[in-house]
Amino acid sequence: MTLSVEIGHAVGALRLDVAFEAPPGVTVLFGSSGSGKTSVVNAVAGLLRPDRGRVSVNGWELFDTEARRWLPPHRRRLGYIFQEGRLFPHLTVRQNLVYGRWFAPTRERRESLEKVVEVMGIGQLLPRRPGALSGGEKQRVAIGRALLAGPRLLLADEPLAALDEARKAEILPFFERLRDAFEVPILYVTHSAAEVARLATTVVVLEGGRVVRQGAADEVLSDPAVMPTGVRAAGALLVARVVRHHADGLTELDAGGVPMFLPHIDREAGHEVRLRIAAHEVILSREAPQGLSALNILPGRVAAMREGAGPGMLISLDTAAGTLLARVTRRSAEALALVPGARCHAVIKTVAIAPLDVGGV
Amino acid sequence: MGWLGAEEWQAVALSLRVSLWATLVALPLGLFTAHALARWQFPGKQLVNGLVHLPLILPPVVTGYLLLLTFGTSGALGGALENIGIVFAFRWTGAALAAGVMAFPLMVRAMRLSIEAVDPKLEEAAATLGASRPWVFVTVTLPLILPGILAGAILAFAKAMGEFGATITFVSNIPGETQTLPSAVYAFLQVPGGEGPALRLVVVSVVIAMGALLASEAVARRAAARVGGA
């Protein structure tokens, strides 16, 4: 599938001018609040009528203002997962799930209720009403409902933003399953770098209504020019393979030949996982550190540096495991004489890698 | 019915018939009006809103007189309607019209409140799932506002049962044709020895009104429990 989006729209003070093409998989619209992400998704869904533009999914035109073509939302064959779930309170979970299916043409009913219920783990919820569900359960039902409508494209607008950290950790794997177990492409909106790292095939970075960067997830996340230096969101993506689980509760991984140790990961040996290494958790050292408690030390070279507004700066590092991002103070960078090309070691504490930052490939 | 005299029973039966018809006919019109006032933007919206509420704030006698001017045999619409066989003047249908007009604002208010309470985001969600506008209304909006519709209908029925001023002005007080329960109470009180029948009708009136009120409360409670979960 290719999703082709071109939208020009003025909403309040924001002037939206967005154009991108997305390959199959999960496309994440990433940006801070007010960058226009939700407007883009709503225009794709037909809930917002933009001043100009066109959107097509696999060559199927949803709208084209020049050709005066506008499909109403109910004829777009999309599945929309909203931030607040938006389950119908007067229907049971089962009735909610099959709601969209009822309107879908028979040949478009690709997924069976049984499979969706099993993958989302909502079998025991079927007779209940949404009022009796927890936030996480509601969101799982909402995912299932969108999926069962037989969509050609799934939209998700910050589907985890309304949940607490524990619920986020509970729901994220379901989006990974959605990506892996079903063929439907996904356009996913978020401002969380952790979600980008776990889900994205392609990232489209929005800022002030414009696309500032688009590319594969690992490229974009490790680019210091894109990631804001001041915030905790910055962090690069590594892919590593599980080697074995140790008796002391650690999991040993192999990241491009470099051994890494993480708190226990619930995956069998041989599986690949994505790790998001938050930039502020990385310490840099010019010499190979000795007598240090940190278990993960990756040698590499400085690839790029970017100064922020404050005392910090963002440094990207080429290592055998992939590109890493490190946030250090300008003072440290001067003291270590860090310049592009300089050799140094990245030190990461084992416990610094949050469970939310570990996911399937 | 031994407890009620023939004339009293006639008044009760007529009142029930008049109120039922008034409520049934007002229901779709009220729902349409409430939906338009709650969800649509159109020129003259405030004027429509004012017209709907007029019977609530005008003296009932004035409303009745306006009905007589409009729907009387020599009225603006009355003559035309008479040609196609619809007569309101001094018929029970006229009593139903008067009751319906008087009950209309109460019905619309209850329905409008319930429509405004429905989150438009749910209707959007239904649209993204493939439901066209009529389907969204039938499968999402309507079930969610059902308590409001029922409350509005019960309120309108109770109001129609008690309507007096507009009815007696428009269609007079003819036993067996236009003498509703309140008109009958009034008529009994005008003659010596009429207190007994009047009092019995008052009891009937109180029972029906209380019954309607309790029914609407029960409906609201059940609906709230259903949507609230469990």
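How many residues of chain A are in contact with residues of chain B? I began with this question, keeping in mind that the model is a predicted one, and I found 19 residues of chain A in contact with 18 residues of chain B. When I looked up which elements contribute, I noted that β7 and α2 (93-103) of chain A each supply at least two residues of the side of chain A that touches chain B. Of the elements of chain A, α2(A) gives the most to that side, with 3 residues. Sorting the residues of the side of chain A that touches chain B by character, I obtained 13 nonpolar, 4 polar and 2 charged.

**Confidence**

I then checked how far chain A can be read, and I found that its pLDDT averages 86, with 95% of the residues scoring at least 70. Within chain A the confidence is highest in β8(A), at a mean of 93, and lowest in strand β21 (residues 358-360), at 69. I keep a general caution beside this entry, namely that predicted coordinates should not be read in detail where pLDDT is low.

**Chain A as a whole**

For the secondary structure of chain A I noted 8 helices and 21 strands. The radius of gyration of chain A is 22 Å, close to the 21 Å that the globule rule gives for 361 residues, so I recorded chain A as being as compact as a globular protein of that length. The C-alpha trace of chain A spans about 65 × 50 × 30 Å along its principal axes. I also looked up burial, and buried residues make up 45% of the 361 residues in chain A. Among the contacts in chain A with a separation of 6 or more, 68% are between residues 24 or more positions apart.

**Strand β7 of chain A**

Are the faces of strand β7 (residues 78-81) of chain A covered or open? Both are covered, since I found A:Leu78 and A:Tyr80 buried on one side, and A:Gly79 and A:Ile81 buried on the other. This division follows the general rule that side chains in a regular strand alternate between the two faces of the sheet. Following β7(A) to its partner, I noted that it pairs with strand β8 (residues 153-157) of chain A in the parallel sense, over 4 bridges. One position I looked up there is A:Gly79, whose bridge partner in β8(A) is A:Leu154.

**An open sheet in chain A**

Next I traced an open sheet of 5 strands in chain A, which has the order β16-β20-β17-β18-β19 and antiparallel pairing. Its edge strands are β16 (282-285) and β19 (322-329) of chain A, each of which pairs on one side only. I recorded a twist that averages 45° from one strand to the next. Strand β18 (residues 312-319) of chain A runs antiparallel to β19(A) and is joined to it by 8 bridges. As a single pair from this region I wrote down A:Ser316, whose bridge partner in β19(A) is A:Leu325.

**Positive phi outside glycine**

Last, I looked up two residues by their backbone angles. A:Ala337 has a positive phi of about 55° although it is not a glycine, and I located A:Ala337 in the loop between α8 (330-335) and β20 (343-348) of chain A. A:Ala337 counts as exposed because it has 9 C-beta neighbours inside 10 Å. In chain B, phi of B:Ser172 is near 65°, again a positive value in a residue other than glycine. I placed B:Ser172 in the loop between α8 (165-171) and α9 (181-190) of chain B, and noted B:Ser172 as partly exposed, with 16 other C-beta atoms within 10 Å.

Terms used. Residues are numbered from 1 along each chain as its sequence is written. Chains are lettered from A and ligands numbered from 1 in the order in which they are written. This is a predicted model: local features need pLDDT of at least 70, side-chain atom pairs count only at pLDDT 80 or more; totals for chains, interfaces and linings use all residues. The radius of gyration is taken over C-alpha atoms; the globule rule is 2.2 Å times the number of residues to the power 0.38. A residue is buried if 20 or more other C-beta atoms lie within 10 Å of its own, exposed if 12 or fewer, and partly exposed in between; C-beta atoms are placed from the backbone. Two residues are in contact if their C-beta atoms, placed from the backbone, lie within 7 Å. Two strands pair if DSSP finds at least two bridges between them. pLDDT is the predictor's confidence in each residue, from 0 to 100. Ala, Val, Leu, Ile, Met, Phe, Trp, Tyr, Cys and Pro count as nonpolar, Asp, Glu, Lys and Arg as charged, and the others, Gly among them, as polar. Axes are lines fitted to C-alpha atoms, for helices over the stretch in contact, and angles run from 0 to 180 degrees between N-to-C directions.
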